[in-house]
Amino acid sequence: MKIAERMNRLGTESAFEVLAKAKDLEAQGRNIVHLEIGQPDFQTPMNICEAAYQAMKDGYTGYGPAAGLLEFREVVAEHISQTRGIQVHPDEVAVTPGAKPILFFTLLALVNKGDEVIYPAPGFPVYESVINFVKAKAVPLSLREEVDFRFWINDLVSAISNRTKLLILNFPQNPTGSLLKKEDLETIAYLANKYDFYVLSDEIYSRILYEGEHKSIISLPGMKSRTILLDGHSKTYAMTGWRLGYGVAPKPIVEQIIQLMINSNSCTCSFTQIAGIEALKGPQDFVVQMVAEFKRRRDAIVAGLDAIEGISCSKPQGAFYVFPNVKQLSLSCEHLADYLLEEVGVALLPGTAFGKFGDGYLRISYANSLDNIYEALERIQIAIKKLK
Ligand code: PLP
């Protein structure tokens with residue numbers, strides 16, 4: 001095969017590889033506790049499913065506009081206006097199949113070869129992958145455990161150069177669950193305005209928050225014209241498989257995203273968007289209950305991991321991941337993740353699945369029942385004892 005050279009620059013998400021390995025072991029009869037995959041273990045609420053069935057019956061089964069259905073973009077514009085305290089017009093919204101394409105399309109539309117893009121490290125692996133794909137320079141901004149996986153302002157200042165085109169933010173964060181403070185956002189806004197770069201704010205976990213309040217950089221003075229806000233229904237409404245996401249951006253950027261949609265997906269599924277309206281406009285108790293359940297699990301897993309000798313775990317404020325430090329243990333995080341899967345059937349990810357800044361950590365998703373979390377903790381404890 002003579003595969004195009006550009007494909008060598010694309011990375012992957014190892015969560016899917018670990019899932020495949022864990023499934024193989026299950027096929028061989030092993031019992032596996034899955035803590036590797038980042039999707040809520042809840043069913044999409046029934047009112048949202050019913051809205052989709054009804055939309056199918058009503059004929060929302062053909063191509064729709066590449067930008068997304070106007071009725072869905074109106075509801076998204078209203079939702080973002082209310083939750084972020086800014087005025088958003090439906091023309092500033094682009095709907096995509098899941099939120100991931102907003103990341104891909106933003107980089108394709110904005111970033112030239114040789115431009116620099118600053119991204120959180122450790123961070124969602126697709127950021128670095130797509131930055132490399134468009135031949136930009138990937139500039140990591142390290143998130144530091146000593147400041148609850150926020151960043152040091154000095155690190156940000158030294159990451160900025162006259163080639164900086166874009167800064168990617170993601171809070172609550174995958175993989176650490178961390179949150180930025182208001183003053184961090186204010187500093188970023190000051191620097192973005194001063195050095196004239198864009199901000200891609202990945203807010204896919206904005207509603208999965210246990211302490212504090214979600215604040216978006218888009219709300220700060222001067223930032224609406226330089227922010228691309230990424231959000232969607234995958235995590236908030238347990239709709240990962242439906243593929244429904246959106247970007248809120250200045251109209252000229254939205255127009256480029258629409259061009260890319262025309263050239264790739266044509267449109268986002270129409271009946272999914274009608275269901276998406278029900279998600280945003282219907283009762284929100286599902287979200288409240290899901291987040292309360294995640295909080296119980298977070299507290300259980302943080303306490304359980306912290307009690308294991310050689311592991312220390314800080315308490316994340318959002319998303320559904322913990323990022324325990326395993327530097328005291330004798331194995332590298334990759335070997336430890338393999339060992340835990342093979343020895344005791346606990347599937348989780350090494351921190352390095354989120355870039356080299358994740359070395360010395362594990363990423364554990366607690367999107368699994370409390371019973372399974374307790375079971376996993378017990379198994380991890382047994383396995384770690386054996387290491388001594
Ligand atoms: N951004 C982050 C940080 C994520 O963790 C994910 C999914 O895991 C996404 C974006 C993609 O979301 P979607 O499934 O809607 O494409």
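Good morning. I begin with the second largest cavity, whose lining is formed by Tyr119, Pro120, Gly123, Phe124, Pro125, Tyr127, Glu128, Phe354 and Gly355. Two elements give two or more residues to that lining, namely β3 (116-121) and α5 (125-133). Of these, α5 gives the most, with 3 residues. By class, the lining of the second largest cavity comprises 6 nonpolar, 2 polar and 1 charged residues. The space inside this cavity is about 40 Å³. I should state at once that the model before you is a predicted one.

The loop between β3 and α5 deserves a further word, for Pro122 lies there. The peptide bond that runs from Ala121 to Pro122 is cis, and its omega is near 5 degrees.

How many cavities of 30 Å³ or more does the structure hold? There are 2 of them. The largest has a volume of about 40 Å³. Its lining is made up of His79, Arg207, Asp231, Gly232, His233, Thr236, Tyr237, Tyr246 and Leu280. Sorted by class, the residues lining the largest cavity are 3 nonpolar, 4 polar and 2 charged.

I turn now to the pockets. The largest pocket contains about 540 Å³ of space. Its lining has 30 residues, and those nearest its centre are Glu13, Gly38, Lys100, Phe124 and Lys235. Phe124 was also named in the lining of the second largest cavity. Three elements give two or more residues to the lining of the largest pocket: α1 (14-27), α4 (100-110) and α5. The largest share comes from α1, which gives 4 residues. In terms of class, this lining has 16 nonpolar, 7 polar and 7 charged residues.

The second largest pocket holds about 390 Å³ of space. Which residues lie nearest its centre? They are Ser178, Leu179, Leu180, Lys181 and Gln317, from a lining of 28 residues. At least two lining residues are supplied by each of β6 (164-170), α7 (182-195) and β7 (198-202). The class counts for the lining of the second largest pocket are 8 nonpolar, 10 polar and 10 charged.

Between β6 and α7 there is a loop, and Pro175 lies in it. The peptide bond from Asn174 to Pro175 is cis, with omega near 20 degrees.

Next, the packing of two helices. In general, a pair of packed helices is described by the angle between the axes and by the distance between the axes. Here the helices are α2 (residues 46-57) and α9 (residues 270-281), whose axes come within 8 Å and cross at roughly 140 degrees. The crossing of α2 and α9 is right-handed. On the α2 side, the residues in contact are Asn47, Ile48, Ala51, Ala52, Ala55 and Met56, and they meet Phe271, Ile274, Ala275, Glu278 and Ala279 of α9. By class, this contact has 9 nonpolar residues, with 1 polar and 1 charged.

I come to two residues with positive phi that are not glycines. Lys135 has phi near 65 degrees, and this residue is found in the loop between α5 and β4 (137-144). Ala319 has a positive phi of about 60 degrees, and its place is in the loop between α10 (285-306) and β10 (321-322).

Are these two residues buried or exposed? Lys135 has a relative accessible area of 36%, and is therefore classed as partly exposed, since that class runs between 20% and 50%. Ala319 has a relative accessible area of 0%, so Ala319 is buried, as buried means under 20%.

Finally, I draw your attention to Tyr374, which has its place in helix α12 (residues 370-386). Its relative accessible area is 43%, so Tyr374 is partly exposed. How far apart are Tyr374 and Ile301 in sequence and in space? They are 73 residues apart in sequence, and 7.7 Å apart in space, taken from C-alpha to C-alpha.

To close, I return to the starting point: in this predicted model, the second largest cavity has residues of β3 and α5 in its lining, and α5 also contributes to the lining of the largest pocket. Thank you for your attention.

How values were computed. Residues numbered from 1 in each chain as written. Predicted model: local features only at pLDDT ≥ 70, side-chain atom pairs only at ≥ 80, totals over all residues. Heavy atoms only, no water. Buried < 20%, exposed > 50% of the residue type's maximum accessible area, 1.4 Å probe, protein only. Axes fitted to C-alpha atoms, helices over the stretch in contact; angles between N-to-C directions. Left-handed = near helix turned anticlockwise from the far one by under 90°. Contact = heavy atoms within 4.5 Å. Nonpolar A, V, L, I, M, F, W, Y, C, P; charged D, E, K, R; others polar. 1 Å grid on protein atoms, 1.4 Å probe; cavity = no way out; pocket = protein on both sides within 12 Å on 5 of 7 lines; lining within 4 Å. Points joined across faces, edges and corners; volume = space filled by probe spheres on them.
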